[in-house]
Amino acid sequence: MRTLLFSAVLLSGIACAQSPVDVQKVLQRDFQARGQATMERVVQDGLQRVCTDTHDRPPSELARQLEADQMKTIDFPQGSLIGDWKRGERIAQGGRGLTWNDKPGAGEGSCYNCHQLAPQEMSHGTIGPTLLRFGWMRGNGPEMQRYVYGKIYNAKAYNLCSQMPRLGYSGTLTSEQIKDLVGLLLDPESPVNKQ
Amino acid sequence: MTRRSLLAFLGLLLAKPLSVLAAWNEQAFGAKTAPDALKGIGASAAAPSKDIVIEAPQIAENGAVVPIEISSNVPGTTAIAVVIEKNPFPLAGRFEFKEGALPFVKLNVKMGETSDVRVVAFAGGKQFSATREIKVTIGGCGG
Amino acid sequence: MAGPMKMRATAQGGTTEVRVLMTHPMTTAQSGQPLHFIQNVTVKQNGKTVIEAEISQAVSRNPVFSFRLKGGAKGDKIEVSWLDNKGESNTIETAVA
Amino acid sequence: MTRFFGTIVILGLTAIPAAAQDTKKEIQKYQQMIAEGSPVELFELEGETLWKKPQGPHNVSLEKCDLGQGAGVLKGAYARLPRYFKDADRVMDLETRLLHCMTTLQGRSRDEATKRVFGNENQPSEMEYLSAYVAGQSRGVKLAAGNSHPKEKEAYELGKALFFHRAGGWDMSCASCHGEDNKRIRMQELPVLHKPQAARPIMATWPAYRVSNSQFKTMQWRINDCYRQMRYPEPKFASEATIALITYLTVTAAGEPYRGPGTKR
């Protein structure tokens, strides 16, 4: 399932600073598997633990190393990463995927929950930065495609304690879906970049 | 004999279910477009009026409950109807105010999408109307 | 089965404000459930009908209405009743406070 | 869950430039209007009927249930929960205490009493009705959850740790959504629940009627559904973890006069 890619040596210093309450034990006792939400999910992986223990402010050296580990989880497809922005818009609007009452595999991006994208959609969240005119401002060359694909696949490879889910790594979105989202952000024809 | 009691009487005679006892304008409520709904309540030729007050939020976070407060300052108002233009069945209600009631009602309605809400006031054999647009958005996940 | 209703009627400055709550699913044809909604609402003041309403499935679940009546003194009887498309009905009566 | 017309309505709304402030104001107006036109009292009425209805093998009502202020005392009881109960030797929130009374007073089995704790729009649960009724009896009373007994302090600390604990399929903690000022999910503003000024108006209006699905929702449900959306497994009903979080949030909101049950979008 989830590979724990972190250095135990680097982590050891931080574990000591933990609060006296053993939350992991409590979660094991007080939670139960339901649907696809299995009990494995309450077992923290390295970065979840580091981010919890440091209140999302990990020491920079450790952060760099763990980010590099996360980068290794990303499998970049060959060729253009710009998919169909129309499908991307639907994926960005939807909020299903990975909860105990979702069907396994039926994932969507939940993007508008946190980000502004197409200007037509007024009902957008603000937890993440605005992505309005993202491709128009940043271009859509191969490097930018790679960056956007990677960021959606595993946001923690770029910012260890980001609040953004690792949408590819967690199994929420497929590679095709992520490409469609890259299209939504970078295609000049996408409403994100129009006007 | 009033229309209602006549219907009740006929209803009893025919031993029909209770639902036919009260008047309910099936034609107008069954209309699928705003013009048909207006026609069904005899308000196709309603004149615009500033004397109808529609108090409602411009933006409704959820279409399942959109609060609307309506009052008519048109002298002699005897009835008010609410038509949600883009709903599958636009006519939402018709309120008849008899002696003793003020032409005022506050209610919650469902809206399928952003739409004009038209309010028609009936007074002295004439019809008047006003509209207000209400935007319907998608809410957050929590609350 | 008709669930509870609740009503408040208060006289103030020459008018009586009536607020009435009704328990009802108000299901639409689009919901996939059987169409079930209130069609008629009647308001009576001291036994005399003052408001007669016809409503549709577009009224929200558990309807809440506010009405205003002319005059009214403490102790006046206000009665509100509803009738739905299945012939179910309910009535509530209260004295103006 | 049934939504009007079966699906979520996705809209392309015309952008109103520089109208964010107006949008906020209009949404506040919407929230105020739905609160004024709320059917929440219907749930309190039904809850009162259930409270007084003899049930279970002992065929008795809950009227002798001690919610912390003495047997059968309802006034102000909700505002002082969660708190430590000596007879159970644990901290309990409203629903856990109601469950305790159902098993001890009414002689019902825990399994039977918790079979259906979260209802739906067609059939609200017994817990939901009862919560509406009991909470309504604390209107005007300042929130003062227990925070002096060692077990209450322990619950507070555990709740706090849980609030900031990142795990689950999407690496989230409660603070992922409720940790920073001026953030929204879609149009929904997110209260920063570890800050008293933000926690107060929230905790003072739960449990609450949700107009989006016409359901009355309890605090246990609120915690449960947050964890669902955080992509965790399911927290068990009335577990220490859920009580601890409710304790942490309510203690943080201390001093706010209770004015629920509320009405939410």
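# A walk through four chains

Start by selecting chains A and C: no contact (heavy atoms within 4.5 Å) joins them, and their closest C-alpha atoms lie 20 Å apart. Before you go on, know that this is a predicted model, where local features need pLDDT of at least 70 and side-chain atom pairs count only at pLDDT 80 or more, while totals for chains, interfaces and linings use all residues. Residues are numbered from 1 along each chain as its sequence is written, chains are lettered from A and ligands numbered from 1 in the order in which they are written, and side-chain values use heavy atoms, with hydrogens and water left out.

**Stop 1: chain C by itself**

Hide everything but chain C and colour it by secondary structure. You'll find 0 helices and 7 strands. Helices (H or I, at least four residues) and strands (E, at least two) are DSSP runs, numbered from the N terminus. Along the sequence the pattern reads β-β-β-β-β-β-β. Taken along the principal axes, the C-alpha atoms of chain C fill a box of roughly 45 × 20 × 20 Å.

Now pick out Glu52(C), which sits in strand 4 of chain C. Draw a line from its C-alpha to that of Ala9(C): the two are 43 residues apart in sequence and 17 Å apart in space. Keep Glu52(C) selected for the next stop.

**Stop 2: where chain C meets chain B**

Bring chain B back. The contact takes 35 residues from chain C and 33 residues from chain B. The two chains bury about 2,900 Å² between them, 54% of it on carbon and sulfur atoms; buried area is the accessible area (1.4 Å probe) that two parts lose on being put together, summed over both. On the chain C side, select Glu52(C), Glu54(C) and Arg68(C), which lose the most area to chain B, together 23% of what that side buries.

What does Glu52(C) form with Lys98(B)? It's a salt bridge, with the closest N and O atoms 3.3 Å apart. The term stands for a side-chain nitrogen of Lys or Arg within 4 Å of a carboxyl oxygen of Asp or Glu, and the count between chain C and chain B is 1.

Next, show strand 2 (15-22), strand 3 (38-45), strand 4 (48-55), strand 5 (64-70) and strand 6 (77-84) of chain C, the elements that each give two or more residues to the side touching chain B. Strand 4 gives the most, with 8 residues. Colour that side of chain C by residue type and you get 13 nonpolar, 14 polar and 8 charged. Here Ala, Val, Leu, Ile, Met, Phe, Trp, Tyr, Cys and Pro count as nonpolar, Asp, Glu, Lys and Arg as charged, and the others, Gly among them, as polar.

**Stop 3: chains A and D**

Switch to chains A and D. Among the 5 pairs of chains that touch, this one has the most contacts. Chain A puts in 54 residues and chain D 39 residues, and about 4,200 Å² is buried between them, 57% of it on carbon and sulfur atoms. In chain A, select Phe31(A), Trp100(A) and Met122(A): they lose the most area to chain D, together 17% of what that side buries.

How many salt bridges are there between chain A and chain D? The count is 5. For an example, zoom in on Lys156(A) and Asp171(D), whose side chains meet at 2.8 Å, N to O.

While you're in chain A, visit the loop between helix 3 and helix 4 (60-71), where Asp56(A) lies. Its phi is near 65°, a positive value in a residue other than glycine.

**Stop 4: two cis bonds in chain D**

Stay with chain D and go to the loop between helix 2 (40-51) and strand 1 (83-85), home of Pro82(D). The peptide bond from Leu81(D) to Pro82(D) is cis, with omega near -5°. Then jump to Pro207(D), in the loop between helix 8 (196-203) and strand 5 (208-210). A cis peptide bond joins Trp206(D) and Pro207(D), with omega about -5°.

**Stop 5: an enclosed space**

Rolling a probe the size of a water molecule over the atoms shows where empty space is left. The structure holds 6 cavities of 30 Å³ or more. On a 1 Å grid over the protein atoms alone, a cavity is a set of points where a 1.4 Å probe fits but cannot get out, and lining residues have an atom within 4 Å of a point. Grid points are joined across faces, edges and corners, and a volume is the space filled by probe spheres set on the points.

Go to the second largest cavity, with a volume of about 120 Å³. Of the 15 residues that line it, select the closest to its centre: Tyr78(D), Asp93(D), Leu94(D), Met219(D) and Ile246(D). Helix 3 (94-104), helix 9 (219-229) and helix 10 (240-252) of chain D each supply at least two residues of this lining.

Key. On a 1 Å grid over the protein atoms alone, a cavity is a set of points where a 1.4 Å probe fits but cannot get out, and a pocket is an open set with protein on both sides within 12 Å along at least five of seven lines; lining residues have an atom within 4 Å of a point.
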